[in-house]
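Hello,

Here is the structure I promised to pass on. Please open it first, then read my notes below.

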Amino acid sequence: WWLCGVALAEPLALDAALDEAIASNLELRAARAALGLSEQALVRARSAFDPTLTVGVDTSTTNRPNNDQFVGQDVLRTASTGWSAALSQPLPTGGSVSASWWERASSSNALDVIQADTVSDAATLALSQPLLRGAWRAGVADLAVARALADDAELAWRTAVEQTMLDASDAYWGLVSARTSLELAVRSREIAETSLTETRERHDEGFAGVGDLHQVERALGASRQAEVGARTEVTLAETRLRRVLGRPALGGEPIEPVDEPAVPDAVPELDAVLTLAQRGNAQWLRDRIAYDQARLQARQTRNAALPDVGVAGSVGVSGLGGSAGQARRQAIAGRFNDWTVGADVTVPLPGRAARADLASAGHLASSAQAALEAAEQDLALRVQAAVLRAERDRQRVLLAADTVGFARLALEADQEMLREGQGSTRDVVQSLEALDLETAAELAARIDLQRSLLELKRVAGTLVAP
């Protein structure tokens, strides 16, 4: 039945497993939602610089008793209709500029007016700008914070993808290890069964004792138990890999990993990896963002401690006539104009809060600088550890391969001596157990090397393309 399951197993390469994990892993689905929230927060921050258009219409009628010297009018009646349009634009400097135009048509039965029916137009352009506190801060700082948060969320997404790739790789190689252990267990059981048959024949011929027979029987029982445990580990390893890949954990065809852990000729140099990490390591880039945010907060704190100095100005034109066209022409001609310029200064007394804010800004800047220097040292330590671990595991694989070769030669020698009647069954069993242990140790070293190489890529920032 196990052979049938192997025949029906689904072949799966490591690259395909990683792609499937990125596309379907359940934790990454949740991370995508958080990434979308940060993008919308950036859109909201950018909306602070969106222009605002205001359009209005109105009509009114007023009737009041006549109290003037003119007689014959008991009621003074005034009616008007009008419209207005205004466009306001926030500026990156912290100020704002606005332009407006309004028009109103009026009629009155009063006897002291020159024209009973008139149309008036007016256009105004206004500008306000803070010079100290709030200058270059309103909206700009919020946008910078939102952009930094969006970048940080993107890096957090990269970190989640990297971790998922590591988890998928670990589960993949875990299944490779479990299936290899099962193959070794099956081979050990088959060899033990063959050894038992040969030992019984030798016992019947008088060339082996009862102790040799019991020794082989004990080895066969141990190999059968190891095979049962290895089958269980294969099932658990498949379940774990399915979970990481986003598949249903239970059910489905068996998975057959087709890749073998490879050994590189060399590990990248420390300086080269450090250079890559300084450009692409996700955690280091997030530390840089935190540093920039702390500096931004310090600048905001300093700005908030400044006096409030602002200037404002406006210029406008107006026109009046018996028709809308006449009033508009007068306004466009600019004969009737007005302008306003003003400034105001607000200084808190005695300014203790401002001094405290300035001191706080200095502490924030110092703390951010120290945190960045610590993060830079941590990055160097992580790079060094990743390079050393990868080189260590590569050397372990090379040494383990030699040891496996020696163990295989020892087993063949013991088997040859046993066939010639010069060895013992115990020696063959022990050599077989030693070969299995060394083979498993070599595979473990190869898998550890794959994990170390992936971790090295993550530290270098090359595991996931930015």
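**What I found**

G246 counts as partly exposed, at 23% relative accessibility. The cut-offs matter here: under 20% is buried and over 50% is exposed, so a residue at 23% falls in between. Bear in mind that this is a predicted model.

Where does G246 sit? It is in the loop between α5 and β6 (255-257). Leaving out residues up to four places away in sequence, G246 touches S24 and N25. Q293 is another matter. G246 and Q293 are 47 residues apart in sequence, and their C-alpha atoms are 36 Å apart in space.

N25 turns up again with T164. That residue, T164, belongs to helix α4. Is T164 buried or exposed? T164 counts as buried, with a relative accessibility of 7%. Its contacts, again without residues up to four places away in sequence, are A21, N25, L28 and V244. So N25 is touched by T164 and by G246.

Now the whole chain. The protein chain has 10 helices and 8 strands. Its radius of gyration is 42 Å, well over the 23 Å that the globule rule gives for 466 residues, so the chain is more spread out than a compact globule. The box filled by its C-alpha atoms, taken along the principal axes, is roughly 150 × 50 × 35 Å. Of the 466 residues, 34% count as buried. What about contacts across the sequence? Take those between residues at least 6 apart in sequence: 78% of them join residues at least 24 apart.

Next, the largest pocket. How much space lies in it? About 380 Å³. The elements that each give two or more residues to its lining are α4 (140-204), α5 (210-245) and α10 (425-460). In total, 18 residues line this pocket. Nearest its centre lie S188, S223, A226, E433 and D436. By type, the lining divides into 12 nonpolar, 4 polar and 2 charged residues.

Helix α6 covers residues 270-280. Which of its residues are buried? They are V273, A277 and G280. These three cover an arc of only 85° around the axis, which puts them on the same side of α6. The face turned away from that buried side carries the exposed residues D271 and R279.

Two more places to look at. The first is a peptide bond. Most peptide bonds are trans. The one from L349 to P350 is cis, with omega near 0°. P350 lies in the loop between β8 (336-346) and α9 (352-419).

The second is G362, in helix α9. G362 is partly exposed, with a relative accessible area of 29%. G362 and R295 are 67 residues apart along the chain, yet their C-alpha atoms are separated by 9.7 Å.

To find your way around, start at G246, in the loop after α5 and before β6. Go on to T164 in α4. Then view the pocket, with S188 and S223 among the residues nearest its centre. Finish at the cis bond between L349 and P350.

Best wishes

Note on methods. Residues numbered from 1 in each chain as written. Predicted model: local features only at pLDDT ≥ 70, side-chain atom pairs only at ≥ 80, totals over all residues. Heavy atoms only, no water. Buried < 20%, exposed > 50% of the residue type's maximum accessible area, 1.4 Å probe, protein only. Helix = DSSP H or I, 4+ residues; strand = E, 2+ residues; numbered from the N terminus. Arc of directions from axis to C-beta. 1 Å grid on protein atoms, 1.4 Å probe; cavity = no way out; pocket = protein on both sides within 12 Å on 5 of 7 lines; lining within 4 Å. Points joined across faces, edges and corners; volume = space filled by probe spheres on them. Nonpolar A, V, L, I, M, F, W, Y, C, P; charged D, E, K, R; others polar. Rg over C-alpha atoms; globule rule 2.2 N^0.38 Å. Contact = heavy atoms within 4.5 Å.
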